[in-house]
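Hi,

Here is the structure I promised to pass on to you. Have a look at it first, and then read my notes below with the viewer open.

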Amino acid sequence: MMKGVSFLVTLAILALASSIASAYDPSPLQDFCVAINDIKSGVFVNGKFCKDPAMVSANDFFFSGLNIPGNTGNKVGSNVTLVNVDRLAGLNTLGISLARLDFAPYGLNPPHTHPRGTELLVVIEGTLLVGFVTSNPNKLFTKVLNKGDVFVFPIGLIHFQFNIGETAALAFAGLSSQNPGVITIANAVFGSVPPINPDVLIKAFQLDKNVVEYLQKAFAPN
């Protein structure tokens, strides 16, 4: 009998310890934490210092300019205007950000990942071919989107958007992080600083040395 009681008590303690170890705050513990760079007048929270609430104004939660088309006159024919915590201080600790995506005809937002955020995309104008690739095995999920269509890209997975129309396209995206980050695959692999050893890339991508050297020059930062 005592052994049984002892076992149940031990089990209860382990269960309680487990619940405490796995507990966390699912949301901010304050109404807001407007980001500030001045460490003398702030408290460090979630990667940023908090502005004194008494000094906060409506402008800390305001951003203007997403009505202005981005410049798509580049090699890929697209432009992403990101509104994250660095551009809108009031986003700090709120776990959300926003982006405007402009596409020239046949413009591409190249394969990339957001290591800290899921992306929800809505097409405002044009026709986009979008897709993402799962972790091993690498299955492609792809869809053609038209005006008003919505598509979600799971956190951390490689994805892309390609304007398959003859006119400009526009989309907006919400991301589940105040600073989701972006890793553009080609730039990261062939344009890192310092460069990745060419022998690594030759073997990894099964490419000729001349091709690897060409790509590293093409993607080298200006």
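Below is what I found, going from the backbone to the annotated residues and then to a helix.

One thing before you start: this is a predicted model.

**Odd spots in the backbone**

Most peptide bonds are trans, and most residues other than glycine have a negative phi. With that in mind, go through the exceptions one by one.

Which residues does a cis peptide bond join in the loop after β8? Look at N136 and P137, where omega is about -5°. P137 sits in the loop that runs between β8 (128-133) and β9 (140-145). There is another cis bond from V193 to P194, again with omega near -5°. This time the proline, P194, is in the loop between two helices, α2 (185-190) and α3 (198-205).

Now for positive phi. T93 is not a glycine, yet its phi is near 75°. You'll find T93 in the loop between β4 (78-83) and β5 (97-103). Is T93 buried or exposed? Its relative accessibility is 12%, so it counts as buried, the cut-off being under 20%.

Y106 also has a positive phi, near 65°, and it belongs to the loop between β5 and β6 (108-113). Y106 counts as partly exposed because its relative accessibility is 46%, which lies between the 20% and 50% cut-offs.

**The annotated residues**

The UniProt record, an unreviewed entry, has a "binding site" annotation that covers N109, H114 and E119. Of these residues, N109 is included in the lining of the largest pocket.

Let's take H114 next. It is placed in the loop between β6 and β7 (119-125). With a relative accessibility of 10%, H114 counts as buried. What does H114 touch, if you don't count residues up to four places away in sequence? The list is E119, I155, G156, H159, L175, P180, G181 and V182. Closer along the chain, the side chain of H114 makes a polar contact of 3.5 Å with the side chain of H112.

Then there is E119, which is in strand β7. Its relative accessibility is 3%, so E119 counts as buried. Leaving aside neighbours within four places in sequence, E119 has contacts that include H112, H114, F151, V152 and F153. H159 is also one of the contacts of E119, and here the two side chains are joined by a polar contact of 2.9 Å. If you are clicking through the model, notice that H159 turns up in the contacts of H114 as well.

**Helix α3 from start to end**

Which residue caps the N-terminal end of α3? That is N197: one of its side-chain oxygens lies 2.8 Å from the backbone nitrogen of D199.

Further on in α3 you come to F205. F205 has a relative accessible area of 40%, so it is partly exposed. Apart from neighbours within four places in sequence, F205 is in contact with V189 and F190. Just after α3 comes Q206, which takes a positive phi of about 55°.

To find your way around, I'd start with H114 and E119, since you can show both and then add H159, a contact of each.

Cheers

Notes: Residues numbered from 1 in each chain as written. Predicted model: local features only at pLDDT ≥ 70, side-chain atom pairs only at ≥ 80, totals over all residues. Heavy atoms only, no water. Helix = DSSP H or I, 4+ residues; strand = E, 2+ residues; numbered from the N terminus. Buried < 20%, exposed > 50% of the residue type's maximum accessible area, 1.4 Å probe, protein only. Polar contact = N/O pair within 3.5 Å; in protein donor to acceptor, adjacent residues only side chain to side chain. UniProt positions renumbered as here; feature names shortened; annotations may be inferred. 1 Å grid on protein atoms, 1.4 Å probe; cavity = no way out; pocket = protein on both sides within 12 Å on 5 of 7 lines; lining within 4 Å. Contact = heavy atoms within 4.5 Å.
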